[in-house]
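Biologist: I would like to learn how to read a model like this one, feature by feature. Could you take me through it?

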Amino acid sequence: MEVEYLSVKRITALHLDEFCAAAEEVVRSGRYLRGQHVAHFEEQYAAYTGQQHCISCGNGLDALTIMLRAYKELGVLCAGDEIVVPANTFIATILAITENGLVPVLVEPRLQDYQIDDALIEKALTHRTRAIMLVHLYGYNALTEKIASLCRRHHLLLLQDCAQAHGWHKVCSLPRHDDIRGAAAYSFYPGKNLAAFADAGAITTSDGALAAVARALANYGAREKYVFTYQGRNSRMDEMSAAILSIKLKYLDEENRRRQEIADYYIDHIRHDGLLLPPREGVHHIFPILFSERDRLRAYLRAEGVETLVHYPLPPHRQDCYKEYNALSLPRTERIAREELSLPLHQALRDDEVEHVVAAINRFV
Ligand SMILES: *Cc1c(COP(=O)(O)O)cnc(C)c1O
């Protein structure tokens with residue numbers, strides 16, 4: 001049996017007729033940008049996330065970058081301000097920070113759930129810290145009461161990279177923290193839990209001032225037509241993507257439950273000494289395991305027909321584009337880069353495929 005890591009084609013096939021009908025409707029409408037589908041999706045997604053505003057944009061990196069830039073235009077952030085951020089994130093989180101002339105302060109994650117270690121945040125705060133950027137990496141919750149109280153005590157923005165965590169708030173048992181100022185950025189890249197057939201992204205927030213500036217920034221900086229308040233950019237979601245995303249949003253909770261079922265099966269049935277399994281609760285964008293002989297396990301699984309990936313082989317502070325951070329020692333982050341292996345997990349994966357993966361791992365010596 002061959003188990004593909006991610007089959008976007010099979011995920012699309014789950015609701016193929018609905019997607020084709022929507023696509024045909026958009027094609028025939030003659031309106032491809034800034035139309036009713038985008039407005040409708042923004043309304044639906046704001047309601048889904050429990051926020052007052054959703055500002056769609058071109059991709060997840062733009063969502064992060066515009067979110068930070070908007071706080072700069074508001075004077076809440078200034079160039080040189082420090083943003084606390086997990087060291088073990090995808091490069092986009094860090095790019096958005098440095099692109100804005102802000103300084104990422106890299107904090108180590110916990111190995112048990114890969115999320116920023118809240119016990120280390122206070123030590124990382126300085127008089128220049130203005131925000132904590134959480135990344136709900138792999139679809140696990142990163143927000144804790146301790147982080148919320150640090151934000152309140154030090155008047156920090158609570159920013160969130162939710163690119164891997166669509167629907168995380170539905171499985172997170174924490175009370176809401178609507179009193180803390182902040183915003184979240186989402187990506188709808190084709191491989192994410194909520195995914196378009198092209199690049200797309202969005203910012204969600206209940207911060208009305210931020211929403212207005214972010215919306216203008218994504219539209220050349222215009223607050224009204226041909227009146228340019230900011231030096232903005234062009235970053236739009238197209239009508240086709242919005243129409244597809246509105247359909248997919250209806251199935252997101254159900255599909256995240258299927259992901260949970262698969263994660264439960266892995267956690268309950270994988271038996272192997274020395275292998276670290278992830279936590280149970282989450283929206284399971286990725287199912288990460290840690291193993292000291294990761295590359296040998298990966299080659300073995302490949303021979304057994306199981307495709308796996310590594311998220312991510314080189315952390316941001318070890319990349320050529322961040323030479324100034326190359327000398328940092330972040331042992332947990334580096335261990336994750338050395339030992340992490342992602343098993344197949346998506347909403348169209350069949351039971352027999354999941355069982356095949358488990359049986360293969362349990363035979364591994
Ligand atoms: C995918 C991803 C992004 C970037 O999203 P794009 O739409 O690809 O630009 C940002 N942060 C994280 C954690 C991601 O996984």
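Modeller: Gladly. Let us begin with a term: contact means heavy atoms within 4.5 Å. Keep in mind that this is a predicted model.

Biologist: Which residues is threonine 205 in contact with, leaving aside its neighbours within four places in sequence?

Modeller: They are Gln51, Gln52, His53, Ile55, Gly182, Ala183, Leu210 and Ala211. Threonine 205 itself belongs to strand 7.

Biologist: Is threonine 205 buried or exposed?

Modeller: The general idea is that a residue counts as buried under 20% relative accessible area. Threonine 205 has 0% relative accessibility, so it is buried.

Biologist: And what does its side chain do there?

Modeller: Look for N or O atoms within 3.5 Å of each other. A polar atom of the threonine 205 side chain lies 2.8 Å from the backbone oxygen of glycine 182. The side chain of threonine 205 also reaches the backbone nitrogen of aspartate 207, at 2.9 Å.

Biologist: Let us step back to the sheet. In what order do its 7 strands run?

Modeller: The order is 1-7-6-5-4-2-3, in an open sheet with mixed pairing. Its edge strands are strand 1 (53-57) and strand 3 (103-107), each of which pairs on one side only. On average, neighbouring strands of this sheet are turned by 20° against each other, direction ignored.

Biologist: In which sense do strand 1 and strand 7 pair?

Modeller: Strand 1 pairs with strand 7 (residues 201-205) in the antiparallel sense, over 5 bridges. To find the register on screen, start from cysteine 54, which stands opposite threonine 204 in strand 7.

Biologist: Which strands does helix 9 touch where it packs on the sheet?

Modeller: Helix 9 (residues 208-217) touches strand 1, strand 6 (182-187) and strand 7, and its direction makes about 20° with that of strand 1. The buried residues in helix 9 are Leu210, Ala211, Val213, Ala214, Ala216 and Leu217. These buried residues pack against strand 1, helix 4, strand 6, strand 7 and strand 8 (222-224).

Biologist: There is another strand pair I would like to read. How many bridges link strand 10 and strand 11?

Modeller: Strand 10 (residues 287-290) pairs with strand 11 over 4 bridges, in the antiparallel sense. One partnership to look for is proline 288 with serine 342 of strand 11. As for the side chains of strand 11 (residues 340-343), Glu340 and Ser342 point one way while Leu341 and Leu343 point the other way, and all are buried.

Biologist: Now the ligand. Which residues are around it?

Modeller: The shell consists of Asn59, Gly60, Leu61, Leu64, Phe90, Ala92, Val135, Asp161, Ala163, Gln164, Ser187 and Lys192. Helix 4 (residues 60-73) gives the most to this shell, with 3 residues.

Biologist: Which atoms of the ligand do aspartate 161, serine 187 and lysine 192 approach?

Modeller: In aspartate 161, a side-chain N or O atom is 2.7 Å from a nitrogen atom of the ligand. Serine 187 has a polar side-chain atom 2.6 Å from an oxygen atom of the ligand. For lysine 192, a side-chain N or O atom is 2.7 Å from an oxygen atom of the ligand. The ligand has 380 Å² of accessible area on its own, and the protein covers 90% of it.

Biologist: How should I read unusual backbone geometry?

Modeller: Start from the background: most residues other than glycine have a negative phi, and most peptide bonds are trans. Tyrosine 220 has a positive phi of about 65° although it is not a glycine. Tyrosine 226 also has a positive phi, near 65°.

Biologist: Where do these two tyrosines sit, and are they buried or exposed?

Modeller: Tyrosine 220 is in the loop between helix 9 and strand 8, and at a relative accessible area of 39% it is partly exposed. Tyrosine 226 lies in the loop between strand 8 and strand 9 (227-228), and with 68% relative accessibility it counts as exposed.

Biologist: What kind of peptide bond joins histidine 311 and tyrosine 312?

Modeller: That bond is cis, with omega about 5°. Tyrosine 312 is found in the loop between helix 11 and helix 12.

Biologist: Which residues does leucine 330 touch, not counting those up to four places away in sequence?

Modeller: Leucine 330 touches Ala87, Leu106, Glu108 and His317. Its place is the loop between helix 11 (294-303) and helix 12 (331-339), and its relative accessible area is 8%, so leucine 330 is buried.

Notes
Residues are numbered from 1 along each chain as its sequence is written. This is a predicted model: local features need pLDDT of at least 70, side-chain atom pairs count only at pLDDT 80 or more; totals for chains, interfaces and linings use all residues. Side-chain values use heavy atoms; hydrogens and water are left out. Buried means under 20% relative accessible area, exposed over 50%, partly exposed in between (1.4 Å probe, protein chains only). Helices (H or I, at least four residues) and strands (E, at least two) are DSSP runs, numbered from the N terminus. Two strands pair if DSSP finds at least two bridges between them. Axes are lines fitted to C-alpha atoms, for helices over the stretch in contact, and angles run from 0 to 180 degrees between N-to-C directions. A polar contact is a pair of N or O atoms within 3.5 Å; within protein, one must be able to donate a hydrogen and the other to accept it, and residues adjacent in sequence count only if both atoms are side-chain atoms. A residue is near a molecule or strand if one of its heavy atoms lies within 4 Å of it. Accessible areas come from the Shrake-Rupley method with a 1.4 Å probe; for residues, only the protein chains shown count as cover.
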